[in-house]
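Dear colleague,

Please find below the structure that I am handing over to you. I would ask you to look through the sequence and the model first, and then to read the notes that follow.

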Amino acid sequence: MEARHVAALLNFAATLDSRVRRIMATNEQAAATIRAWAQALADIPAVAEAAGWDASRAVRRYYEQRNGDRSAQFRAIEPADLLAAWAPHLAELMNRHSDPLPSADPDNPAAWRAELLGTRAAVATGNSAPSTHRQLSSAPHPALEARLATIGSPIPPEARQMLIPFRRMKAQREAAVAAGQADPLSVPCPVDWCRAEKGKPCRYRRMTPDGVATSNARRQKVHPSRVDAARAALEGVAA
Ligand SMILES: [Zn+2]
């Protein structure tokens, strides 16, 4: 909340409570009160539709003395009452928020993290609605649209990430064929624990607890000996 929001809020409270009118009696008093409140309430929004929050409604609630709370009989509303009223809204917002996949380049961890935290902060201050979906729901993020324009890809970012190994592999295959070299995926991988089939990408080595080599994660590059095997196969055909 900014000073102008706080001023409006205090004006409203003053219509309900003569004690508030007294702490706003002179210009100096009013300015000091607004300053103090604005400082205390800097992190909470005046209105956050996504959270169903309206600070003036919270003021009215305080004086309605719902739920048996009689504080209003003994003292005028204070910033702490607004903080307390906002807390469940914030908790509810963050509960509903699941971090959406940032549109930043995943190869740039600083930008990725900054966007993730920025999105969270925007939700926490009521500036944006919580994202309950991890996939693209409606229109692409503006930053993403810009990137899409340069890349020219309609693939959602999540799918794009899953496709990275295949895309790198495809580029590698195309480059090899274009250079007149053997396509490494035209042969199965000869590496013992990889044994990727024809046309399938190579895999990373993984060790099970009992020391057996297994693998299931795709490598972005083929094993060098597979390149050799492909070259040998190509030369065998040519010979
Ligand atoms: Zn392999």
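A residue is called buried when its relative accessible area is under 20%, and exposed when that area is over 50%. Please keep in mind throughout that this is a predicted model. By this cut-off, both cysteine 194 and histidine 223 are buried. These two residues belong to the metal site, which I describe first.

The zinc site

Which residues of the protein are donors of the zinc ion? They are Cys189, Cys194 and Cys202, each through its SG atom, and His223 through ND1, at 2.0 to 2.4 Å from the ion. The angles among the four donor atoms run from 100 to 115 degrees, and the site is tetrahedral. Along the chain, the donors follow the spacing C-x4-C-x7-C-x20-H. Cysteine 194 is in the loop between helix H9 (157-178) and strand S3 (206-207), whereas histidine 223 is in the loop between strand S4 (213-214) and helix H10 (224-238), so this pair ties together parts that are 29 residues apart in sequence.

The loop between H9 and S3 also holds arginine 195. Most residues other than glycine have a negative phi. Arginine 195, however, has a positive phi, near 50 degrees.

The protein as a whole

The protein has 10 helices and four strands. Read from the N terminus, its elements follow the order α-α-α-β-β-α-α-α-α-α-α-β-β-α. It comprises 239 residues, of which 30% count as buried. Among the contacts between residues at least 6 apart in sequence, 56% join residues at least 24 apart.

Helix H1

H1 consists of 14 residues, and the distance from its first C-alpha to its last is 20 Å, close to the 20 Å expected at 1.5 Å a residue. Which residues of H1 are buried? They are Val6, Leu9, Leu10, Ala13 and Ala14. Around the axis they cover an arc of only 145 degrees, which puts them on the same side of H1. A general rule is useful here: an α-helix has 3.6 residues a turn, so residues three or four places apart point the same way. The buried residues of H1 pack against helix H2 (18-23), H3, H4 and H6. On the face turned away from the buried side, H1 carries the exposed residues Arg4 and Thr15.

One residue of helix H3 may be set beside this description. Glutamine 39 is located in H3, and it counts as exposed, with 68% relative accessibility. Its C-alpha atom is 9.8 Å from that of valine 6, although the two residues are 33 residues apart along the chain.

Helix H6

The 18 residues of H6 should span 26 Å at 1.5 Å a residue, and the end C-alpha atoms are 26 Å apart, which agrees. Where does H6 bend? The bend is at tryptophan 86 and amounts to about 30 degrees; proline 88 follows within four residues. Tryptophan 86 is also one of the buried residues of H6, together with Pro79, Asp81, Leu82 and Leu93. Among the elements that cover these buried residues are helix H1 (3-16), helix H3 (27-40), helix H4 (55-64) and H7, as well as the strands S1 (47-48) and S2 (53-54).

Helix H7

For the 16 residues of H7 (residues 109-124), the expected span at 1.5 Å a residue is 22 Å, and the end C-alpha atoms are 22 Å apart, which agrees. Its buried residues are Glu115, Leu116 and Val123. Viewed down the axis of H7, they fall within an arc of 95 degrees, so they line one face of the helix. What covers them includes helix H6 (79-96). The exposed residues Ala110 and Arg113 are on the face of H7 turned away from its buried side.

Helix H10

Leucine 234 is found in helix H10. Is this residue buried, partly exposed or exposed? With a relative accessible area of 42%, leucine 234 is partly exposed. Leaving aside residues up to four places away in sequence, it touches Gly180, Gln181 and Ala182. Leucine 234 and glutamine 181 are 53 residues apart in sequence, and their C-alpha atoms are 8.4 Å apart in space.

With kind regards

Terms used:
Residues are numbered from 1 along each chain as its sequence is written. This is a predicted model: local features need pLDDT of at least 70, side-chain atom pairs count only at pLDDT 80 or more; totals for chains, interfaces and linings use all residues. Side-chain values use heavy atoms; hydrogens and water are left out. Helices (H or I, at least four residues) and strands (E, at least two) are DSSP runs, numbered from the N terminus. The expected span of a helix is 1.5 Å times one less than its number of residues. Buried means under 20% relative accessible area, exposed over 50%, partly exposed in between (1.4 Å probe, protein chains only). The arc is that of the directions from the helix axis to the C-beta atoms. Contact means heavy atoms within 4.5 Å. Donors are N, O and S atoms within 2.8 Å of the metal (3.2 Å for Na, K and Ca); water is not among the atoms, so sites may look incomplete. Four donors count as tetrahedral if all angles lie between 85 and 135 degrees; four count as square planar and six as octahedral if opposite donors are over 155 degrees apart and all others between 65 and 115; anything else is irregular. The bend at a residue is the angle between axes fitted to the seven residues ending there and the seven starting there.
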